[in-house]
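Student: I have a new structure to read and would like some help. Could we go through it together?

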Amino acid sequence: NEPLCLVTAPGVELPDPVPLHMLEELTLILPTQHGRIRVAVEKSCAAVGVHPEPAYTVDAVTTMKNLVANGDGVAVLTRQSVDTELQAGQVAVYSLADPKLVLPLFVTYRAKQQLGRAAAATLEAIRRLFT
């Protein structure tokens, strides 16, 4: 599972972690309804009685990050997807809680087929990165 986080422009003051009910109060940027992040957000929010309405629905992660950096709203994204912008000081990142939002990740390969060294090393690197 990869944790999802709330991405804001620098200087936005929010509690950390941000409770899910606060998503109803923020100018929210989410992917369209068929995106995995959108499904995870809606499912987790519905489980606790929260129903945020996005101000923007955008599928391009680059566009979402630009809108956030310009102060046009906040987005729910993976931490990995905003690491470069976070290091450059273009965005801020907050954890989400109550419940914690995660995006399940999958690696598919043939169980009955021997993995080559490159594939095995890649799989091990992915495991280390996300566990």
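Here is a short dialogue that goes from the overall fold to single residues.

Tutor: Happy to help! Keep in mind from the start that this is a predicted model.

Student: How many helices and strands does the chain have?

Tutor: A good way to begin is to list the elements and then their order. Here the chain has four helices and seven strands. Along the sequence they follow the pattern β-β-β-α-β-α-β-α-β-β-α. The C-alpha atoms fill a box of roughly 50 × 35 × 25 Å along the principal axes.

Student: What share of the contacts join residues at least 24 apart?

Tutor: Counting only contacts between residues at least 6 apart in sequence, 74% join residues at least 24 apart.

Student: And what percentage of the residues are buried?

Tutor: Of the 131 residues in the chain, 37% are buried. Looking at the outside instead, the chain exposes about 8000 Å², and carbon and sulfur atoms supply 51% of that area.

Student: Which residues have the most contacts inside the largest nonpolar core?

Tutor: That core has 33 residues, and those with the most contacts inside it are Leu6, Leu23, Val41, Val76 and Leu96. Elements giving two or more residues to this core include strand S1 (2–8), helix H1 (36–47) and strand S5 (74–78). Take valine 76 as an example: leaving out residues up to four places away in sequence, its contacts include Leu4, Leu6, Ile37, Val41, Met64 and Leu96.

Student: Is glutamate 85 buried or exposed, and why?

Tutor: The idea is to compare relative accessibility with a cut-off: buried means under 20%. Glutamate 85 has 15% relative accessibility, so this residue counts as buried. Glutamate 85 is found in helix H3 (residues 83–87).

Student: Which side chain does the side chain of glutamate 85 make a polar contact with?

Tutor: The partner is the side chain of lysine 65, at 3.0 Å. Beyond neighbours within four places in sequence, glutamate 85 is in contact with Lys65, Gln90 and Val91.

Student: How far apart are the centres of the positive and negative side chains?

Tutor: The chain has 11 positive and 13 negative side chains, and the centres of these two sets lie 19 Å apart.

Student: Where is there a cis peptide bond?

Tutor: As a general idea, most peptide bonds are trans. In this chain, a cis peptide bond joins aspartate 16 and proline 17, with omega about 10°. You can find proline 17 in the loop between S1 and strand S2 (18–19).

Terms used
Residues numbered from 1 in each chain as written. Predicted model: local features only at pLDDT ≥ 70, side-chain atom pairs only at ≥ 80, totals over all residues. Heavy atoms only, no water. Buried < 20%, exposed > 50% of the residue type's maximum accessible area, 1.4 Å probe, protein only. Contact = heavy atoms within 4.5 Å. Areas by Shrake-Rupley, 256 points an atom, 1.4 Å probe, with all protein chains shown as cover. Lys, Arg positive; Asp, Glu negative; His and termini not counted. Charge placed at Lys NZ, Arg CZ, Asp CG, Glu CD. Polar contact = N/O pair within 3.5 Å; in protein donor to acceptor, adjacent residues only side chain to side chain. Core = buried A, V, L, I, M, F, W, Y, C linked by side-chain atoms within 4.5 Å.
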